[in-house]
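Reader: I have a new model open on my screen, and I would like to talk it through with you. Could we take it a piece at a time?

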Amino acid sequence: MELKKLPYNLTVCKLDMDAEINQKADFYFVGKTDEELSLVCRTEDTPEKTLERDDGWKGFRIQGVLDFSLIGILSKLSGILAENQIGIFAVSTFNTDYILVKEENFEKALDVLSDAGYKII
C-alpha cells in the first residue's frame, strides 16, 4: 500500500458556526455537528477568526480509491503509530483516508510505516 506525503503544513481549528470558509482553497476538510464546526486546512489558509486552533500538523494520504468493503486499513496504520507513541488526527473522504501527525513526529511516523512495509511516496 502506498502512502503519499502531503507537501504542506496543516492546522486543525474550531470555528464559529457561522464562520466563512474559503471554499476556493485547494485543500481543506470541514466537519460540522450540532456541537461544533471544525476545519483542517493548510496553515496559511486558516481563517483569522478561530475559536481554537492547533498548528504544526503534517499529513499523508492512502493512495488510490479505497472500496468501502475494505476493513481495517486505518486501524492497522493507527495501531502501528500508536505502538510507536505517535498520536494521530484522521479524516476520511469518499475516496480515501488521511492521517495527520504532529510535525515533530512526522519523519518518525514515515520511518515506522516504511519499516512495516508501506511504500512512502
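Here is our conversation about the fold, one helix and a few single residues.

Reader: Happy to start with the outline. In what order do the helices and strands run from the N terminus on?

Author: Glad to help, and please keep in mind that this is a predicted model. The chain holds two helices and eight strands. From the N terminus on, the order is β-β-β-β-β-α-β-β-α-β.

Reader: What radius of gyration does the chain have, next to that of a compact globule?

Author: The C-alpha trace spans about 45 × 35 × 25 Å along its principal axes. For 121 residues, a compact globule would have a radius of gyration near 14 Å. The chain agrees with that, at 15 Å.

Reader: Of contacts between residues at least 6 apart in sequence, what share joins residues at least 24 apart?

Author: Let me begin with burial: 36% of the 121 residues count as buried. As for the contacts you ask about, the share joining residues at least 24 apart is 68%.

Reader: Now to helix H1. Which elements do its buried residues pack against?

Author: The buried residues of H1, which spans residues 73–83, are Ile-73, Leu-77, Ile-80 and Leu-81. They lie on the same side of the helix because they cover an arc of only 95° around its axis. On the other side, Ser-75 and Glu-83 are exposed. The packing partners of the buried residues are strand E1 (2–5), strand E5 (52–62), strand E7 (97–102) and helix H2 (106–115).

Reader: Which residues does Val-112 touch, leaving out those up to four places away in sequence?

Author: Val-112 sits in helix H2, and it is buried, with a relative accessible area of 14%. Its C-alpha is 7.5 Å from that of Ile-80, although the two are 32 residues apart in sequence. With those sequence neighbours left out, Val-112 touches Ile-80, Leu-81, Asn-84 and Ile-86.

Reader: What is the phi of Gln-85, and is the residue buried or exposed?

Author: Gln-85 comes just after H1, in the loop between H1 and strand E6 (89–92). Most residues other than glycine have a negative phi. Gln-85 is not a glycine, yet its phi is positive, at about 60°. As for accessibility, its relative accessible area is 68%, so Gln-85 is exposed.

Reader: I always check charged side chains. Which residue has the side chain of opposite charge nearest to Asp-97, and which side chain makes a polar contact with that of Asp-97?

Author: Asp-97 belongs to strand E7. This residue is buried but has no salt bridge, and the nearest side chain of opposite charge is 12 Å away, that of Arg-61. The polar contact, at 2.5 Å, is with the side chain of Ser-92.

Reader: One last residue, if I may. How far is a polar atom of the Thr-46 side chain from the backbone oxygen of Thr-43?

Author: Thr-46 is in the loop between strand E4 (37–42) and E5. The relative accessible area of Thr-46 is 12%, so the residue counts as buried. Not counting residues up to four places away in sequence, Thr-46 touches Thr-11, Cys-13, Cys-41 and Arg-53. From a polar atom of its side chain to the backbone oxygen of Thr-43, the distance is 2.9 Å.

Technical notes:
Residues numbered from 1 in each chain as written. Predicted model: local features only at pLDDT ≥ 70, side-chain atom pairs only at ≥ 80, totals over all residues. Heavy atoms only, no water. Buried < 20%, exposed > 50% of the residue type's maximum accessible area, 1.4 Å probe, protein only. Helix = DSSP H or I, 4+ residues; strand = E, 2+ residues; numbered from the N terminus. Arc of directions from axis to C-beta. Contact = heavy atoms within 4.5 Å. Lys, Arg positive; Asp, Glu negative; His and termini not counted. Salt bridge = Lys/Arg side-chain N within 4 Å of Asp/Glu carboxyl O. Polar contact = N/O pair within 3.5 Å; in protein donor to acceptor, adjacent residues only side chain to side chain. Rg over C-alpha atoms; globule rule 2.2 N^0.38 Å.
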